[in-house]
Amino acid sequence: MKKFALICTTIVAAPLMVLAVTSDSVAYPDDYRSWTHVKSMVIHPDHGLADPFEGIHHIYANDAALAGLESNKYLDGATLVFDLLSQEQGGGATQEGERKFVGVMEYDAKHYAATGGWGFEVFAGNSKTERVVEDGGESCFACHQAVKEDTYVFSKYRQ
């Protein structure tokens with residue numbers, strides 16, 4: 001899982017240098033599975049980001065994040081969750097396997113000013129306490145720079 005903290009840095013030619021933000025303030029959102037499901041996707045083994053993102057991705061948004069997805073303006077408290085599960089093949093179907101991690105983006109314009117207003121954290125497997133981000137979210141934010149015009153959010157909400 002340490003590769004997660006470095007993956008974006010390795011694919012960005014000149015990583016953006018930002019002030020470190022303590023990611024331990026981003027809480028595990030216990031109820032995220034009851035939020036709005038924004039989208040799902042699968043990254044296959046031959047994809048450039050397969051290590052560590054290979055698997056089935058489900059993206060969830062709380063009410064504040066859903067409003068942000070619709071307006072491209074986020075208010076404090078907006079939270080997006082990236083639930084990554086391994087994929088298993090069998091019987092002509094791809095199915096969910098074990099959870100690899102739960103990634104969380106939490107918007108707080110003042111607290112996370114150095115990273116575009118977003119705090120980042122990754123929780124390993126099914127753990128609600130084992131944190132993976134070791135650089136205060138800098139490597140996450142470096143990748144999200146590619147979608148600065150979309151307020152650093154990759155996902156779009158399809159109505």
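Two strands count as paired if DSSP finds at least two bridges between them, and helices (H or I, at least four residues) and strands (E, at least two) are DSSP runs numbered from the N terminus. The views below come from a predicted model, where local features need pLDDT of at least 70, side-chain atom pairs count only at pLDDT 80 or more, and totals for chains, interfaces and linings use all residues. Residues are numbered from 1 along each chain as its sequence is written, and side-chain values use heavy atoms, with hydrogens and water left out.

**View 1. Strands β3 and β4 form a hairpin.** Let's start at the turn, where two residues separate the strands and Gly91 has a positive phi of about 60°. Gly90 faces Ala93 of β4 here. Follow the strands onward and you will find β3 (residues 79-90) and β4 (residues 93-107) running antiparallel, joined by eleven bridges.

**View 2. Strand β4 also pairs with strand β5.** This pairing with β5 (residues 118-124) is antiparallel too, and seven bridges make it up. To find your place, look for Glu106, which stands opposite Gly119 in β5.

**View 3. Tyr28 and Tyr32 meet edge-to-face.** Rings of Phe, Tyr and Trp (its six-membered ring) pair if their centres lie within 6.5 Å; planes under 30 degrees apart count as stacked, over 60 as edge-to-face and the rest as tilted. That rule gives ten aromatic pairs. In the pair shown, the centres of Tyr28 and Tyr32 are 6.2 Å apart, with 75° between the planes. Buried means under 20% relative accessible area, exposed over 50% and partly exposed in between (1.4 Å probe, protein chains only). Tyr28, at 15%, therefore counts as buried, and Tyr32 is buried at 3%. Both tyrosines belong to one aromatic cluster with Tyr60 and Phe123.

**View 4. Tyr107 and Trp118 link β4 with β5.** This pair is also edge-to-face, at 5.0 Å centre to centre and 75° between the planes. Tyr107 lies in β4 and Trp118 in β5, so the contact ties together parts that are eleven residues apart in sequence. Tyr107 is buried at 13% relative accessible area, and Trp118 is buried at 0%.

**View 5. Confidence varies among the elements.** On the pLDDT scale (the predictor's confidence in each residue, from 0 to 100), the protein has a mean of 87, and 85% of its residues reach 70 or more. Helix α1 (residues 2-11) has the lowest mean of the elements, 42, and strand β2 (residues 55-61) the highest, 98. Residues 1-23 have pLDDT below 50. Where pLDDT is low, please do not read the predicted coordinates in detail.

Technical notes:
Contact means heavy atoms within 4.5 Å.
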